[in-house]
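Me: I'm new to this one and would love a friendly walk through it. Could you show it to me before I start asking?

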Amino acid sequence: MCCGRTKVRYMKRLSLKIKLTLMYTFFMILLTCAAIAVLFSLSSREVLSSVQNTLENRVQQSVDNIRMENGELEVESDFYSVTRDVYLSLYDEDMYFLYGKVPYGFDHQPEISDGEARRIREGNREWYVYDLSFRVEQGYTVYIRGITSVTDAEASFTVTLRFALILLPMMVLATAFIGYRFTRRTLLPVRRITETVQKIRADADLSRRIGLKRSSEKDRDEIYNLAGTFDDMLSELETVFDREKQFTSDVSHELRTPVSVILAQCGACLEDQTLTEEQRGQILLIQRKAGDMSDMISQLLFLSRADQGRQPIRKEQVDISELTEMTAEEQQILADEAGTGIRIICQIRPDIKAEVDETLYIRMLVNLISNAVAYGKENGHVWVTLEQSGSEVTGTVRDDGIGISPEDLTRIWERFYRADTARTGGSHSGLGLSMVKWIAEIHGGWVKAESRQGEGSVFSFGLPLGEGGNRDDQDSDRGR
């Protein structure tokens, strides 16, 4: 049972072209073996029948080589020739040998049996013997005996059989090779479709197309129709996403003005000394929510420009150790103001310099640290580390908060997705980690997340140092 399951799993791992090749080869071998079996089954009987017919015809034709002249029996020279392995001999009525040849090894002299072909075994050999009576003249009859070897005929057939069995493996290999080449050529469009889909998934570029074309519509098979349908679908999706991006950009621009007006009016109202405490609290709530809306609009505009390739990137050599420490200190101040009791602990290697966009790098850190604080526990900790490894700088933001469930962990990079909205009070829009991912990748780096529910999360990132980055570790490694 276990062996059967292993075979099933192994077959599932095989590629489609291998499976089709194996199936094609199996059925071709099956048909070939069946055809050979039927052919040789029939051929074995046909060979023996052909040998017997040849023997009888040769004996009957030899009658023309015998005649009486001047009272004497005359036999032409053709009678002595061994034609198609048939030996002829001539006997009188008393079974006295007159003329002809007897094959070597045939020592037995069976009785005459006129007009009957017999199969006689002598030792380890078998023979066909055919006798025919012939009246040369009135009162004088002779017997013509034809002898041929059944063993030699069967041996010749066995050689043919062995030759066929030798050719069979070669036919199998040739069939498998031809089947594989044919299947591979047939599935080339499928591989092209797969590669295009993989590239689209890797770089999210919906402008890619499979681009399989034929000279005419009637030459297109099902796979080409599938590729054409897929290209049409990509075009429609690209149009839809472009409209969505444009809509997001337009809405964000339109919302900036009214939100700015709300914030300005809230600030002006708060300067009125005649406001009651209840009124002031309500205005402060409006101001806070409008501020959250302003931050969300800013993030939407950022991601919209990033999607459209309009987000500027200005890389320069900066001390990212100092930037990381400053950002962590600012986030500590905000955490203290919120009264969460969370402590941000830095373990930053000093004087790490790299070519990055300073504004984007700070935004990435702010999003990661604020996210850790928002999902942290009361009086918890957030650890911020920064190290250099060869030509890359790596950093982590780790917390001992509520953690992320495995189901949520796979979706945290999606826009507007929040694992636990109750813990953040709605202050996080779910766009921060999308921005983090884009910033890391636009710098040629990476970002990943690990988490255990109830124990905390670790967000790690890596960025290349760039041409102007310090390579102390790399140089020291070479020195060693």
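Me: How many salt bridges does the structure hold?
Reply: Happy to help! This is a predicted model, where local features need pLDDT of at least 70, side-chain atom pairs count only at pLDDT 80 or more, and totals for chains, interfaces and linings use all residues. Side-chain values use heavy atoms, without hydrogens and water, and residues are numbered from 1 along each chain as its sequence is written. A salt bridge here is a side-chain nitrogen of Lys or Arg within 4 Å of a carboxyl oxygen of Asp or Glu. The structure's count is eight.

Me: Are arginine 145 and aspartate 131, which meet in a salt bridge, buried or exposed?
Reply: Buried means under 20% relative accessible area, exposed over 50%, and partly exposed in between (1.4 Å probe, protein chains only). Arginine 145 has 0% relative accessibility, and aspartate 131 also has 0%. So arginine 145 counts as buried, and aspartate 131 likewise counts as buried.

Me: Which residue forms a salt bridge with glutamate 441?
Reply: The closest N and O atoms of this pair are 2.7 Å apart. The two residues are four apart in helix α11 (residues 432-442), so about one helical turn separates them; helices are DSSP runs of H or I, at least four residues, numbered from the N terminus. Glutamate 441's partner is lysine 437.

Me: How far apart are the end C-alpha atoms of helix α8 (residues 358-374)?
Reply: The expected span of a helix is 1.5 Å times one less than its number of residues. For the 17 residues of α8, that span should be 24 Å. The model agrees, with the end C-alpha atoms apart by 24 Å.
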